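Good morning, and thank you for making time for this presentation. I would ask you to bring up the structure and keep it in view while I speak.

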Amino acid sequence: MTGLASTVQIRRSDDHVDVVALDDVRLRQFDTAVPWREFRWYRKQRHFSGSYWSATMEAPVGYESRLEYVNLLLADFDPRVVWILSQPFLLDGDDRGTRRKHVPDYLFVHADESGCVVDVKPAEKLSRPKVRDSLGWSRRVIEGHGWEYRVQSEPDPVVLGNVRFLAGYRRRFQFLESEVDGAAGLLSTPVTFGEAVRAVTAITADPQLARSVVLHLLWTRRLHTDLTRVLDTTSLLET
């Protein structure tokens, strides 16, 4: 890369901004970072902003559009993702003579301590030259730094519907650990969802609570099923 060297600007909670050469950036520098932009809500707003309580972070994480929200939801469900920050930094640098600035949508840290920068864009916009060039520059710079770079668009609607449903059972503090562990131990062989609920009722003494515990086990990935098919009582669950 020639001309302006790439830098990363990281905002802190006291509104101080650290400017760091990209080559020197490490994931630990984001431990006390806050989103680059403030999330705003106002009448007739073009984009749907909001705050999602992340089970991964056990805290709210912001988003600026419905598409960002659904991709955040899927990241929260992804067992590889152990840390999430929205709008993590401002990337500033030279793209073959063109000055570029870009704020990615998310920074993920994976269980293997690797970094992943994510941009969320509708699929129909990806072929637009301005978007394509900006994302292409971001990919070259981020991957050149050794981090993964991902562009995410609309997810599979069936998978999203299932994960959105399971997210209602994502909060660990709503369940007794002894019941969850007991249910996980009981369901050590493949069973249907309906069979699992009936079996776990022996632990909870309440079919509705048993159903919630089984759904929590699916969210936490202690149970697995094919989420490309609509989840129902006949869905096969495996450990």
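I shall begin with the chain as a whole, then turn to three helices, and close with several individual residues.

Please bear in mind throughout that this is a predicted model. The protein chain contains six helices and twelve strands. Taken along the principal axes, its C-alpha atoms fill a box of roughly 70 × 40 × 35 Å. Of the 239 residues, 47% are buried. If we consider contacts with a separation of 6 or more, 57% of them involve residues 24 or more positions apart.

As to the surface, the accessible area of the protein chain comes to about 12900 Å². Carbon and sulfur atoms account for 50% of that area. In terms of charge, there are 32 positive and 33 negative side chains. The centres of these two sets lie 7 Å apart.

Let me now turn to the helices, starting with α1, which covers residues 66–77. Does the length of this helix agree or disagree with the expected span? At 1.5 Å a residue, its twelve residues should span 16 Å, and the end C-alpha atoms are 17 Å apart, so the two agree. Helix α1 is mostly covered, with ten of its twelve residues buried. The buried set includes hydrophobic-looking names that you can find by eye, but I would point you to the charged ones as well: among the buried residues of α1 are Glu68 and Asp76. Leu67, Tyr69, Val70, Asn71, Leu72, Leu73, Ala75 and Phe77 are also buried there.Helix α3 comes next, at residues 157–166. Its buried residues are Leu160, Asn162, Val163 and Leu166. These residues cover an arc of only 165° around the axis, which puts them on the same side of α3. The elements that cover them include α1 and α6.

Helix α4 comprises residues 177–186. Which of its residues are buried? They are Glu179, Val180, Ala183 and Ala184. Viewed down the axis of α4, the buried residues fall within an arc of 135°, so they line one face of the helix. As general background, an α-helix has 3.6 residues a turn, so residues three or four places apart point the same way. The buried residues of α4 pack against α5, at 193–204, and α6, at 207–219. On the face turned away from the buried side, we find the exposed residues Glu177, Ser178 and Gly185.

I now move to the loops, and to two backbone angles. Most residues other than glycine have a negative phi. Asp15 is not a glycine, yet it has a positive phi of about 70°. Asp15 sits in the loop that joins β1, residues 7–11, and β2, residues 17–21. With a relative accessible area of 55%, Asp15 is exposed. Glu58 also has a positive phi, of about 50°, although it is not a glycine. Glu58 belongs to the loop between β3, at 50–54, and β4, at 59–63. Its relative accessibility is 56%, so Glu58 counts as exposed.

In the strands, consider Gln9, which is found in β1. Is Gln9 buried or exposed? Gln9 has 16% relative accessibility and therefore counts as buried. Leaving out residues up to four places away in sequence, Gln9 touches Val17, Asp18, Val19, Trp36, Phe89, Leu90 and Asp92.

Pro35 lies in the loop between β2 and β3. Because its relative accessibility is 26%, Pro35 counts as partly exposed. Neighbours within four places in sequence aside, Pro35 is in contact with Arg11, Leu85, Ser86 and Gln87. Pro35 and Asp95 are 60 residues apart along the chain, and their C-alpha atoms are separated by 24 Å.

My last residue is Asp226, in the loop between α6 and β12, the latter at 236–237. Asp226 counts as partly exposed, at 41% relative accessibility. How far apart are the C-alpha atoms of Asp226 and Val159? They are separated by 8.9 Å, while the two residues are 67 residues apart along the chain.

That concludes my presentation, and I thank you for your attention.

Key:
Residues numbered from 1 in each chain as written. Predicted model: local features only at pLDDT ≥ 70, side-chain atom pairs only at ≥ 80, totals over all residues. Heavy atoms only, no water. Helix = DSSP H or I, 4+ residues; strand = E, 2+ residues; numbered from the N terminus. Buried < 20%, exposed > 50% of the residue type's maximum accessible area, 1.4 Å probe, protein only. Contact = heavy atoms within 4.5 Å. Areas by Shrake-Rupley, 256 points an atom, 1.4 Å probe, with all protein chains shown as cover. Lys, Arg positive; Asp, Glu negative; His and termini not counted. Charge placed at Lys NZ, Arg CZ, Asp CG, Glu CD. Expected span 1.5 Å × (residues − 1). Arc of directions from axis to C-beta.
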